[in-house]
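Trainee: I am new to this structure and would be grateful for a close look at one loop, followed by an account of how the rest of the chain is arranged around it. Could you take me through it step by step?

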Amino acid sequence: MQNIVILAGNIGQKPEARTTQGGTNITNFSLATSRPRLSEGRVLRDENGYRVMDTEWHRITCFNGLGKTVAEHCEKGMKVLVHGRLHYSKWIDSMGNDRYGCEIIAEKVDFLSRPKSAENENPELVDRDDEIPF
């Protein structure tokens, strides 16, 4: 049996990081994924001919080193690929009602785009031929 989730999408808000009393780093962010809306097996288009998209939002949780890396290097709008697992929780709210939630516990996050703040930076060009031992 396996519990595997792979999502590619855009970060909805700047990731929020916190540390528990026990010292565990936890970072949360929202991830938007989109797909074309279908009707009778065909992609729906609006009055201008653009595809109509359905967007879903996912809650992503990262722990410890992965959480720290995401908090330091990710920002709103970045494209990321998340590998993880589904986690369901149940709690009772202040009104005594049962509440349910679902989140993705990330085990790996790949950056598919650079942060907007880094896009304008020029990469340092270094001649590393001197470091080759032959």
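Mentor: In this predicted model, E40 is placed in the loop between β4 (38-39) and β5 (42-43). The backbone of E40 has a positive phi of about 55 degrees, although E40 is not a glycine. With a relative accessibility of 83%, E40 counts as exposed, because the cut-off for that class is over 50%.

A positive phi also occurs at N64, again a residue other than glycine, with a value near 50 degrees. N64 belongs to helix α1, which covers residues 64-73. Its relative accessibility is 39%, so N64 counts as partly exposed. To these may be added G96, a residue in the hairpin of β7 and β8, where phi is positive and near 85 degrees. That hairpin has 5 residues between its strands.

The wider setting comes next. The protein chain has 2 helices and 8 strands, and in sequence order they follow the pattern β-β-β-β-β-β-α-β-β-α. Strands β7 and β8 run antiparallel and are joined by 13 bridges; in this pairing V82 stands opposite V109 of β8. Strand β7 is also paired with β1, again antiparallel, through 6 bridges. Here V5 stands opposite G84 of β7. Among contacts between residues at least 6 apart in sequence, 60% join residues at least 24 apart.

From the strands one may turn to the interior. In soluble globular proteins, nonpolar side chains tend to be buried together. The largest nonpolar core here has 15 residues, and those with the most contacts inside it are F29, L31, I60, V80 and V82. Two or more residues of this core come from each of β1 (5-11), β3 (25-36), β6 (53-63), β7 (79-92) and β8 (98-111). Apart from residues up to four places away in sequence, F29 touches I11, Q13, P15, H58, R59, I60, C62, V70, V80 and V82.

One residue on that list, H58, deserves separate attention. H58 is located in strand β6 and is buried, with a relative accessible area of 16%. Its side chain makes a polar contact of 2.8 Å with the side chain of T33. Beyond its neighbours within four places in sequence, H58 is in contact with L7, F29, S30, L31 and T33.

Another residue touched by F29 is C62, which leads to the matter of cysteines. C62 is buried, with a relative accessible area of 0%, and C74 is buried as well, at 3% relative accessibility. A search of the whole structure nevertheless finds 0 disulfides. The reason at these two positions is distance: the closest cysteine sulfur to that of C62 is in C74, and at 8.0 Å it is too far for a bond. A disulfide would need the two sulfur atoms to be within 2.5 Å. For C74, in turn, the closest cysteine sulfur is that of C62.

Finally, two totals describe the chain as a whole. Buried residues make up 24% of the 134 residues. The accessible surface comes to about 10,300 Å², of which 48% belongs to carbon and sulfur atoms. Against this background, the loop you asked about presents an exposed residue, E40, whereas H58 in strand β6 is buried.

Notes: Residues numbered from 1 in each chain as written. Predicted model: local features only at pLDDT ≥ 70, side-chain atom pairs only at ≥ 80, totals over all residues. Heavy atoms only, no water. Buried < 20%, exposed > 50% of the residue type's maximum accessible area, 1.4 Å probe, protein only. Core = buried A, V, L, I, M, F, W, Y, C linked by side-chain atoms within 4.5 Å. Helix = DSSP H or I, 4+ residues; strand = E, 2+ residues; numbered from the N terminus. Contact = heavy atoms within 4.5 Å. Areas by Shrake-Rupley, 256 points an atom, 1.4 Å probe, with all protein chains shown as cover. Polar contact = N/O pair within 3.5 Å; in protein donor to acceptor, adjacent residues only side chain to side chain. Pairing = 2+ DSSP bridges.
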